[in-house]
Amino acid sequence: MEYMSAKEAAAKWGISQRRVAVLCSENRVEEATMVGNMWIIPKNAEKPIDARSLRYFDFSDITVKPFLKWAGGKGQLIKEIEPYYPFDKLKGVNKYAEPFVGGGAVLFDILSKYDLDEVYISDINEELINTYCIVRDDVEELIKFLSNYQEEYLPLDIEQRKEYYLKKRDRFNDLKINGNKLTNIEKASLMIFLNKTCFNGLYRVNRKGLFNVPMGNYKNPCICDFDNLKNVSNKLQKVKIVCGDYREAKDFIDENTFVYFDPPYRPLNDTSSFTAYTENLFNDESQIELAKFVSELDEKGAKIVVSNSDPKNTNEDDDFFDEIYSNQIIKRVDATRMINSKASARGKIKELLISNFEIL
Ligand SMILES: C[S@@+](CC[C@H](N)C(=O)[O-])C[C@H]1O[C@@H](n2cnc3c(N)ncnc32)[C@H](O)[C@@H]1O
């Protein structure tokens with residue numbers, strides 16, 4: 001068997017060397033061996049689940065909520081989406097996939113209510129996915145960073161807060177470009193700090209990929225929601241978290257899977273640019289490709305729901321989604337759109353819920 005040193009394992013798993021030693025001494029790394037005063041670890045060993053603070057607690061009945069504010073977050077649509085959950089109603093459906101996870105409003109609702117066999121989430125936004133992984137694997141270290149920021153930031157006056165915010169934003173951007181596995185915990189903590197303190201919780205980057213959202217105006221932002229982070233960490237332990245395109249979920253999804261797709265909105269007009277979540281853009285062609293993917297999964301027998309904006313809000317004759325999802329069932333529901341640069345575009349509008357099955 002080939003071995004690596006604790007230092008190499010620390011770099012591979014993105015945690016400290018001391019933490020590797022603790023995990024080994026707790027017998028949590030199979031076949032780790034002490035040689036002299038050093039641990040050696042099988043090269044193919046997987047990072048153990050970090051259960052430090054989770055050990056004596058029963059999390060089965062705990063409600064979790066998104067730990068980030070996210071553009072297009074579906075918190076307000078849950079009441080409309082929940083009736084589609086097939087888990088209680090269809091025998092065998094015990095897997096869930098959310099390939100455009102964002103802030104995960106539906107994911108956390110499902111994780112709070114059901115104990116499923118397998119859950120898969122993905123997103124193309126690398127920083128978002130790094131943050132999910134760190135919340136799952138290194139929540140204690142993450143909380144240390146966040147409670148420190150909270151203690152430092154909250155007592156400051158507005159000018160001092162701005163200066164502090166910009167320093168943290170620069171540091172985040174530096175780590176985004178020059179960071180490595182060892183700085184992933186700090187980068188995730190900065191992602192959460194910026195999300196809680198920036199304007200509207202927006203995630204927007206410039207052409208160079210640098211995060212450029214200005215500071216928001218919150219009196220008392222909750223930067224470190226200790227309890228929710230720990231509970232989320234626990235619920236994420238068995239979730240497969242993937243950074244990449246939604247199509248990578250294909251092999252996971254089968255006839256026992258409920259899939260919820262919440263792709264970037266098709267903009268209602270030229271000025272609402274909801275699609276600039278990451279360096280990547282999602283245009284009409286991408287919506288058409290997604291519709292084809294949905295019909296492939298439909299053939300596999302998966303239970304599917306897709307949401308999007310209803311173009312009929314601004315143009316009654318726009319049948320874009322009715323055409324590309326002509327084989328599916330389309331329901332129009334009321335929603336309130338939260339993030340829009342135009343105040344007039346906030347308020348009640350219709351959203352689409354597209355599914356390959358009737359509410360059961
Ligand atoms: C509307 S948001 C999802 C919001 C989420 N439902 C919530 O409650 O917060 C769409 C997400 O899709 C991600 N995305 C964009 N293109 C993608 C792609 N090709 N594959 C996977 N994710 C993608 C964006 O980064 C963004 O987080």
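Reader: Which residues of α2 are exposed on its other side?

Author: Happy to start there. Arg18, Val22 and Ser25 are the exposed ones on that side of α2. Bear in mind throughout that this is a predicted model.

Reader: And which residues of α2 are buried?

Author: Val20, Leu23 and Cys24 are the buried residues of α2. Here is the general idea for reading such a pattern. An α-helix has 3.6 residues a turn, so residues three or four places apart point the same way. Now the case in hand: the buried residues of α2 span an arc of only 100 degrees around the axis, so they sit on the same side of the helix.

Reader: What do those buried residues pack against?

Author: The buried residues of α2 pack against α1 and β3.

Reader: Let me try α1 in the same way. Which of its residues are buried?

Author: In helix α1, residues 6-13, the buried ones are Ala6, Ala9, Ala10 and Trp13. Their arc around the axis is only 105 degrees, which means that they lie on the same side of α1. As for neighbours, the buried residues of α1 pack against β1 (3-5), α2 (17-25) and β3 (38-42).

Reader: How do the axes of α1 and α2 cross?

Author: For a pair of helices, look at the distance between the axes and at the crossing angle. The axes of α1 and α2 come within 8 Å and cross at roughly 105 degrees. An angle of 65 to 115 degrees counts as roughly perpendicular, so α1 is roughly perpendicular to α2.

Reader: Which residues make that contact?

Author: From α1 come Ala6, Lys7, Ala9 and Ala10, and from α2 come Gln17, Val20 and Ala21. Sorted by class, the contact of α1 with α2 has 5 nonpolar, 1 polar and 1 charged residues. Notice that Ala6, Ala9 and Ala10 are also among the buried residues of α1, and Val20 is one of the buried residues of α2.

Reader: I would like a second helix pair to practise on. At what angle do α5 and α8 pack?

Author: Helix α5 (residues 126-137) and helix α8 (residues 184-197) pack at about 110 degrees, and their axes are 9 Å apart. That angle makes α5 roughly perpendicular to α8. On the α5 side the contact is made by Glu127, Asn130, Thr131 and Ile134, while α8 brings Asn184, Ile185, Lys187, Ala188, Met191 and Ile192. The class count for the contact of α5 with α8 is 5 nonpolar, 3 polar and 2 charged residues.

Reader: Now the backbone. How should I read a positive phi?

Author: The general idea is short: most residues other than glycine have a negative phi. In this structure, Glu31 has a positive phi of about 65 degrees although it is not a glycine. Asn200 is another residue other than glycine with a positive value, its phi being near 60 degrees.

Reader: Where are Glu31 and Asn200 found?

Author: Glu31 is in the loop between α2 and β2 (33-35). With 12 other C-beta atoms within 10 Å, Glu31 is exposed. Asn200 lies in the loop between α8 and α9 (226-236), and with 15 other C-beta atoms within 10 Å it is partly exposed.

Reader: What phi do the residues just after α1 and α2 take?

Author: Just after α1, Gly14 takes a positive phi of about 70 degrees. Just after α2, Asn27 takes a positive phi of about 65 degrees.

Reader: Is Lys208 buried or exposed?

Author: Count the neighbours: a residue with 12 or fewer other C-beta atoms within 10 Å is exposed. Lys208 has 10, so it is exposed. Lys208 is in the loop between α8 and α9. Its C-alpha is 9.7 Å from that of Ile177, and the two are 31 residues apart in sequence.

Reader: And what does Glu248 touch?

Author: Leaving out residues up to four places away in sequence, Glu248 touches Ser122 and Val242. Glu248 sits in the loop between β6 (239-243) and β7 (257-261), and it is partly exposed, with 14 other C-beta atoms within 10 Å.

Reader: Last one: which residues come nearest to the ligand?

Author: Of the 23 residues around the ligand, the nearest are Gly72, Phe100, Gly102, Gly103 and Asp262. By class, the shell around the ligand has 10 nonpolar, 9 polar and 4 charged residues.

Conventions
Residues are numbered from 1 along each chain as its sequence is written. This is a predicted model: local features need pLDDT of at least 70, side-chain atom pairs count only at pLDDT 80 or more; totals for chains, interfaces and linings use all residues. Axes are lines fitted to C-alpha atoms, for helices over the stretch in contact, and angles run from 0 to 180 degrees between N-to-C directions. Helices (H or I, at least four residues) and strands (E, at least two) are DSSP runs, numbered from the N terminus. Angles under 35 degrees count as roughly parallel, over 145 as roughly antiparallel, 65 to 115 as roughly perpendicular and the rest as oblique. Two residues are in contact if their C-beta atoms, placed from the backbone, lie within 7 Å. Ala, Val, Leu, Ile, Met, Phe, Trp, Tyr, Cys and Pro count as nonpolar, Asp, Glu, Lys and Arg as charged, and the others, Gly among them, as polar. A residue is buried if 20 or more other C-beta atoms lie within 10 Å of its own, exposed if 12 or fewer, and partly exposed in between; C-beta atoms are placed from the backbone. A residue is near a molecule or strand if its C-beta atom, placed from the backbone, lies within 6 Å of it. The arc is that of the directions from the helix axis to the C-beta atoms.
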